[in-house]
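Trainee: Could you take me through one part of this model closely, and explain the terms as you use them? I am in my first year, so please go step by step.

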Amino acid sequence: MMQKPPMLDVAAALQVLLATERPLLTGGAIELLPTLAANGRMLAEAQTSHLNVPPADNTQMDGYAVRAVDCASGAARLPVSQRIPAGHVGAPLQPGTAARIFTGAMIPAGADAVVMQEMCEADGEAVLVKHAPAVGEWVRRAGEDIRNGSVILAAGTRLRPQHLGLAASVGLEKLPVLRKLRVAMFFTGDELAMPGEPLKPGAIYNSNRFVLRGLLENLGCAITDYGIVPDNLQATREALRLAAQEHDLILTSGGVSVGEEDHVKPAVEAEGRLNMWQIAMKPGKPLAFGEVHRAAGGTAFFIGLPGNPVSSFVTFLIFVRPFILHQQGAAVDALAPQTIPMRADFNWPKADRRREFLRVKINAAGGLDLFPHQGSGVLTSTVWGDGLVDNPPGKTIANGDMLHFLPFAALT
């Protein structure tokens with residue numbers, strides 16, 4: 001009898017996924033998009049500022065621009081020589097005078113400090129300055145935020161709203177981004193039905209379709225959803241061949257175990273090859289990774305996720321998410337979120353030989369509570385919880401132990 005190959009541990013499995021080539025980084029994959037339309041996209045080339053931000057010294061406060069030496073007494077009375085709103089350029093400040101100035105306005109030549117209006121009192125055509133400012137007080141210096149010639153955004157940055165604001169602040173109207181990763185998805189299982197359809201005896205609604213599609217959308221993928229494929233080998237092979245033609249990645253759920261009705265694994269082996277199968281993790285052991293041949297040459301990557309809802313969700317977060325980010329050209333430090341050390345407010349007395357990902361919730365005391373049912377089919381645990389505890393193989397957990405917490409907010 002043929003011996004089963006040992007299961008890969010999570011770290012080794014992730015290494016296999018991230019050792020693949022990255023076709024989006026080669027030839028013709030760059031689009032130039034308006035900065036306003038680039039949210040969520042992957043930056044293809046580093047961006048450099050061609051100006052200082054701010055471009056000139058300006059005030060952080062509403063108040064009065066002065067020479068610090070003129071206010072050294074802490075009770076100076078100075079004539080107000082001018083009024084400078086933001087967007088206007090004042091005249092040079094004469095010694096012994098003050099300029100009324102508003103937040104963001106340029107500091108006039110000759111002034112070296114700003115006194116906030118709360119420390120001043122208007123006195124006819126003059127102002128009483130009740131403070132002895134230091135040179136540079138409440139002054140934002142030119143280039144204090146960004147220096148001309150500095151790199152403001154690195155290649156491989158997944159653009160978020162603050163990145164777009166930074167690009168706009170230095171006048172970048174357009175940004176070079178990688179085209180969207182093209183992902184095909186389908187689901188196997190004759191028991192699957194869609195919401196709105198009558199639920200026959202033995203059938204279940206296909207929750208995985210909604211979860212996985214939403215996760216792919218959050219990663220900025222271009223998705224083709226082939227829906228539910230008939231649960232037989234020939235139909236599965238045909239779906240793989242069709243999906244491979246125009247897509248970078250094929251993602252499936254279900255059919256990757258070892259039962260007689262699990263057709264995805266043999267279908268991939270017939271249409272391409274499997275590079276990895278079965279991971280030493282809980283939930284989510286039956287995860288497959290490989291390639292499917294294209295009729296015109298080349299291959300599409302394939303990842304087959306388990307059919308159980310929590311297994312599918314967790315394996316996507318731990319494996320598919322970093323794989324997609326890697327394919328999109330993300331910087332290495334963006335591939336795996338940092339775990340947060342947090343206290344266990346529960347006991348987990350039975351260790352598992354596999355690496356476990358437990359659903360937990362942050363409680364009012366700043367610790368973690370455990371969802372009482374950790375089964376791979378209990379999707380409510382992912383809605384109730386705030387994230388996962390990454391628990392090493394063979395480790396029990398006692399109340400008060402420090403754990404490795406992965407928040408859903410950093411993964412979805």
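## A turn in the chain, then a helix and its pockets

Mentor: Let's begin with Trp138, which is partly exposed because its relative accessible area is 29%; the label covers values between buried (under 20%) and exposed (over 50%), found with a 1.4 Å probe on protein chains only. Residues are numbered from 1 along each chain as its sequence is written. This is a predicted model, where local features need pLDDT of at least 70, side-chain atom pairs count only at pLDDT 80 or more, and totals for chains, interfaces and linings use all residues, while side-chain values use heavy atoms and leave out hydrogens and water.

Trp138 sits in the loop between strand E9 (126–129) and strand E10 (139–140). Helices (H or I, at least four residues) and strands (E, at least two) are DSSP runs, numbered from the N terminus. The phi of Trp138 is near 60°, a positive value in a residue other than glycine. Most residues other than glycine have a negative phi, and most peptide bonds are trans.

With that in mind, look at two peptide bonds. Val53 and Pro54 are joined by a cis bond with omega about -5°, and Pro54 lies in the loop between strand E2 (47–48) and strand E3 (58–59). The bond from Lys282 to Pro283 is also cis, with omega near 0°. Pro283 belongs to the loop between strand E19 (281–282) and strand E20 (288–293).

Now for the part I would study most closely, helix H6. This helix runs over residues 309–327, which makes 19 residues, and reaches 25 Å from its first C-alpha to its last, close to the 27 Å expected at 1.5 Å a residue; the expected span is 1.5 Å times one less than the number of residues. Where does H6 bend? The bend is at Phe316, by about 45°, taken as the angle between axes fitted to the seven residues ending there and the seven starting there. H6 is mostly covered, as 19 of its 19 residues are buried. Just past the helix, Gly329 has a positive phi of about 90°.

H6 also helps us read the pockets. A pocket is an open set of points on a 1 Å grid over the protein atoms alone, with protein on both sides within 12 Å along at least five of seven lines, and a cavity is a set where a 1.4 Å probe fits but cannot get out; lining residues have an atom within 4 Å of a point. Points are joined across faces, edges and corners, and a volume is the space filled by probe spheres set on them.

The largest pocket has a volume of about 600 Å³. Its lining has 40 residues, and Pro306, Gly307, Asn308, Ser311 and Ser376 lie nearest the centre. At least two lining residues come from each of strand E13 (182–188), strand E15 (204–205), helix H3 (207–218), H6 and strand E23 (355–362). E23 gives the most, with four residues. By class, this lining has 13 nonpolar, 16 polar and 11 charged residues. Here Ala, Val, Leu, Ile, Met, Phe, Trp, Tyr, Cys and Pro count as nonpolar, Asp, Glu, Lys and Arg as charged, and the others, Gly among them, as polar.

The second largest pocket has a volume of about 520 Å³. It is lined by 21 residues, with Arg158, Arg160, Arg321, Ala334 and Ala410 closest to its centre. H6 appears here too, since H3 and H6 each supply at least two residues of this lining. The lining divides into 12 nonpolar, five polar and four charged residues.

What about closed spaces? The whole structure has one cavity of 30 Å³ or more, and the largest cavity has a volume of about 60 Å³. Residues from several stretches of the chain line this cavity: Gly40, Arg41, Met42, Leu178, Arg179, Lys180, Leu181, Leu219, Gly220 and Gln328. Four are nonpolar, three polar and three charged.

To finish, check the cysteines. The structure holds zero disulfides, a disulfide being a pair of cysteine sulfur atoms within 2.5 Å. Cys71 is in no disulfide, and the nearest cysteine sulfur, that of Cys120, is 7.8 Å away. Cys71 counts as buried because its relative accessibility is 0%. Cys221 is buried as well, with a relative accessible area of 8%.
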